[in-house]
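Work through the following exercises with the sequence and the model at hand, and try each task before reading its solution.

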Amino acid sequence: MEILNQISEYLQQGDDDKVFALTKEAIEQDLNPKVILDNSLIAGMNIIGEKFKKHEIFLPDVLMSAKAMYAGLDQLKPLLASKGISGLGKVVIGTVQGDLHDIGKNLVGIMLKGAGFDVIDLGKDVPPEKFVETAKRENAKLIGMSALLTTTMTNMKKVVDLVRKDNSDIKVIIGGAPVSKEFADEIGADAYAYDAGNAVECVKELI
Ligand code: B1M
C-alpha cells in the first residue's frame, strides 16, 4: 500500500510532520491501525535499526526517527486501545534501569490497556526496587519489563530475584529485542513475549 510505504520513508527521514499528516490520512482512509503500525511505523524503525548498526546513520538520525514514530503512534494509541474494557487486573510495566528505549514498552502498555488491563506505566530507566514496591503497593498481579540493550537486560534478573525473595505471587513477564525465552528461563521469569500482541496473550494466561 503506497501510503504505508510513504509513512515508513518519512519516518526514516525523521520527518515528523509528514508522518503525522500521512498517518492521519491513513486513519481517515479506514486502514486497520495494527496494519499501519506494523507495516509503516515498525517497518520503518526496523530499517533505521539496521542502518544504525551498519554505521550508515548516527544517533541524532535515530532520535529524529523516534520522534517521527511518536507522531504516528500517538494517533494510533486510542484506536489500538479502544477495544478496552477495564477490570482484568492491574499490571506494572517499565523499561529497566539504565535503558531509555520506551517505544516497544509503550506499545505493550497500549495493547494491554486495549485488552482491558489497568496499566501502571513507570516509564523508562526504572530501578528494580521501584517495580516491586509499586506492584506490592498497588496490589498488581504482574510486572512487565522491557529491555533493548544487552547491557541492561541483566537488570531484569534483579527484579525477578526481589519478587522471589518475598515469596510473592506476582508474575513477571519480559520482552525486548535482545531478550529470549531462554533468557527468561535462565533468570526465572514467568514468561517471555516476542511482541506487544504476544505480551497480551501471555499476560492473560498468567493472571
Ligand atoms: Co538505541 N539501540 N541506543 N536508541 N535503538 C538499539 C536497541 C540497537 C539494537 C541499535 C543497533 O545497534 N542496531 C542498539 C543495542 C545494541 C545492543 O545492546 N545489543 C542500540 C544502542 C547501542 C543504543 C545506544 C547505546 C547508542 C549510543 O548512545 N551509542 C543508546 C542507549 C541509550 C540508553 O538506553 N541508555 C541508544 C539510544 C537510542 C535512542 C534514544 C536514540 C532511541 C530510543 C528512543 C525511544 O525509545 N524513545 C533508540 C532507538 C529508536 C533504537 C532502535 C533503532 C529502535 C528501537 C525501537 O523503538 N524499535 C534499536 C534498533 C532495533 O531495535 N531495531 C536501537 C521499535 C519497537 C516497536 O520495537 O522496542 O523491540 P522494540 O519492541 C518490540 C519487541 O521487542 C517487544 O514488543 C515490541 C513490538 O511489538 N517488546 C516487548 C518490547 N518490550 C517488551 C516487553 C514485553 C513484551 C514484549 O513484556 C513486558
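Domain bounds, as used here, come from an automatic or database domain assignment. This is a predicted model, in which local features need pLDDT of at least 70 and side-chain atom pairs count only at pLDDT 80 or more, while totals for chains, interfaces and linings use all residues. Residues are numbered from 1 along each chain as its sequence is written, and side-chain values use heavy atoms, with hydrogens and water left out.

**Exercise 1.** Find into which domains the protein chain is divided, and state what separates their centres.

*Solution.* Begin with the bounds: the protein chain falls into domain 1 (2-82) and domain 2 (90-206). Next, take the centres over C-alpha atoms, which puts domain 1 and domain 2 25 Å apart. Finally, look for contacts (heavy atoms within 4.5 Å), and eleven residues of domain 1 turn out to touch eight residues of domain 2.

**Exercise 2.** Explain where the ligand lies relative to the two domains, and describe its surroundings.

*Solution.* Residues count as near the ligand if one of their heavy atoms lies within 4 Å of it. Of the 33 residues around the ligand, those that come nearest are L100, H101, D102, S146 and T150. Because domain 1 and domain 2 both give residues to this shell, the ligand lies between them.

Now sort the shell by class, where Ala, Val, Leu, Ile, Met, Phe, Trp, Tyr, Cys and Pro count as nonpolar, Asp, Glu, Lys and Arg as charged, and the others, Gly among them, as polar. The shell then divides into 20 nonpolar, nine polar and four charged residues.

**Exercise 3.** Identify polar contacts (pairs of N or O atoms within 3.5 Å) that the ligand makes.

*Solution.* Start with the side chains: a polar side-chain atom of S146 is 2.7 Å from a nitrogen atom of the ligand, and an N or O atom in the side chain of H101 is 2.8 Å from a ligand nitrogen atom. Then turn to the backbone, where a polar atom of G49 lies 3.1 Å from a nitrogen atom of the ligand.

Terms used. Polar contact = N/O pair within 3.5 Å; in protein donor to acceptor, adjacent residues only side chain to side chain.
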